[in-house]
Amino acid sequence: METFPFSSIPNLPLFFSMFLILYSIAYSIVFRNWSPKIRPEACSCFISLFHGTPAVFLATFAIFSDQNHVLFIGHHLATLFVFITCRHVVFHGSYAILTLLILAEGTSFCQNVWTLASARRHDNQLAAKVYSNLSPYFYAFYSVVRGIFGPFVLYQMGVFYSSGVADNVIPRWLWISWMCVVITAIGVSILWISNLWVELFKEKKAKLEKEL
């Protein structure tokens, strides 16, 4: 079987170097004329476009091809803990983790486009139009993925692990910690999108009152 040409390179330095290069390109070239206030956030979105959306397809491929090779992505420290313990401690649980990853990153592309448009909507007419048109659809998509499918997968995950069928390969304290991480992530996501919905309705209401 042909080996991946970069397989001999440690994962952490490789990915760090790749994302550092992407950030440098975004900061120095792509968004060089943007305001310093929103430039870092725009660069972060640029990086996310190169890892969030592809991660959905890679995770999907991993689920349906070989569950013994777990996709390792360090996005946040809590998520990093889940992936490390899944891949290097118990060597099990990849199906549930990768399914949650798909849901988490499935909204990444829309979210990054929306964030970039939001950052420039006050000084760029095109960005303002994209932000205005995209917001309700992005909010609805995000709400369904994070507010319905996310909790559903979490519930199925809880039912499976609480039944005890995996206790011989995954310690109870570990899957409970995974559940806590996911519950927190979903809760924060729901709170975030709820605030955005409130702001959107306030803006629409103010616009209607102004027209009247």
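Trainee: The side chains of Arg 172 and Asp 167 meet in this structure, and what makes that meeting a salt bridge?

Mentor: This is a predicted model, and in it the N to O distance between Arg 172 and Asp 167 is 2.8 Å. A salt bridge needs a side-chain nitrogen of Lys or Arg within 4 Å of a carboxyl oxygen of Asp or Glu, and therefore the 2.8 Å of this pair meets the condition.

Trainee: How many salt bridges does a search of the whole structure find?

Mentor: The search finds two. Besides the pair just described, Arg 120 forms a salt bridge with Asp 123, where the closest N and O atoms are 2.9 Å apart, and that distance also falls within the 4 Å limit.

Trainee: Are Arg 172 and Asp 167 buried, exposed or partly exposed, and how do you know?

Mentor: Arg 172 has a relative accessible area of 38% and Asp 167 has one of 34%. Buried means under 20% and exposed means over 50%, so both residues, lying in between, are called partly exposed.

Trainee: Why is Arg 120 called buried, and what is Asp 123 called?

Mentor: The relative accessibility of Arg 120 is 15%, which is under the 20% limit, and therefore Arg 120 counts as buried. Asp 123 stands at 53%, which is over 50%, so Asp 123 counts as exposed.

Trainee: Where in the chain is Arg 120 found, and what is it in contact with, leaving aside its neighbours within four places in sequence?

Mentor: Arg 120 belongs to helix α5, which covers residues 108–120. With those neighbours set aside, Arg 120 is in contact with Trp 34, Ile 38 and Ala 127. Trp 34 is 86 residues from Arg 120 in sequence, yet their C-alpha atoms are 8.6 Å apart in space.

Trainee: What makes you say that Arg 120 lies over the face of Trp 34?

Mentor: Arg 120 is 4.6 Å from the centre of the Trp 34 ring. The distance part of the rule asks for CZ of Arg within 6 Å of the ring centre, so 4.6 Å satisfies that part. Likewise, the charged end of Arg 121 sits over the ring of Tyr 131, at 4.4 Å from its centre.

Trainee: How many aromatic pairs does the search find, and why is the pair of Phe 160 and Tyr 161 called what it is?

Mentor: The search of the whole structure finds 13 aromatic pairs. For Phe 160 and Tyr 161 the ring centres are 5.2 Å apart and the planes stand at 70°. Centres within 6.5 Å make a pair, and planes over 60 degrees apart count as edge-to-face, so this pair is edge-to-face. Elsewhere, ring pairs link a cluster whose members include Trp 114, Tyr 131, Tyr 142 and Trp 197.

Trainee: Are Phe 160 and Tyr 161 buried or exposed, or in between?

Mentor: Tyr 161 has a relative accessible area of 3%, which is under 20%, so Tyr 161 is buried. Phe 160 is at 45%, between the two limits, and therefore counts as partly exposed. Tyr 161 is found in helix α6, residues 125–162, and its C-alpha atom is separated by 8.0 Å from that of Arg 172, eleven residues apart along the chain.

Trainee: How many disulfides does the search find, and what can be said of the accessibility of Cys 110 and Cys 180?

Mentor: The search finds zero disulfides. Cys 110 is partly exposed at 25%, and Cys 180 is partly exposed at 43%.

Trainee: Which residues does UniProt list for "transmembrane region", and how much of 137–161 is helix?

Mentor: The unreviewed UniProt entry lists residues 12–30, 42–64, 70–90, 97–117, 137–161 and 173–193. In the model, residues 137–161 are 100% helix and 0% strand, with end C-alpha atoms 35 Å apart, while residues 97–117 are 95% helix, with end C-alpha atoms 31 Å apart.

Trainee: How many helices and strands has the protein, and how much of it counts as buried?

Mentor: The protein has seven helices and zero strands, and of its 212 residues 35% count as buried.

How values were computed: Residues are numbered from 1 along each chain as its sequence is written. This is a predicted model: local features need pLDDT of at least 70, side-chain atom pairs count only at pLDDT 80 or more; totals for chains, interfaces and linings use all residues. Side-chain values use heavy atoms; hydrogens and water are left out. Rings of Phe, Tyr and Trp (its six-membered ring) pair if their centres lie within 6.5 Å; planes under 30 degrees apart count as stacked, over 60 as edge-to-face and the rest as tilted. Buried means under 20% relative accessible area, exposed over 50%, partly exposed in between (1.4 Å probe, protein chains only). A charge sits over a ring if NZ of Lys or CZ of Arg is within 6 Å of the ring centre and within 35 degrees of the ring normal. A disulfide is a pair of cysteine sulfur atoms within 2.5 Å. UniProt positions are given in the numbering used here, feature names are shortened, and annotations may be inferred rather than shown by experiment. Helices (H or I, at least four residues) and strands (E, at least two) are DSSP runs, numbered from the N terminus. Contact means heavy atoms within 4.5 Å.
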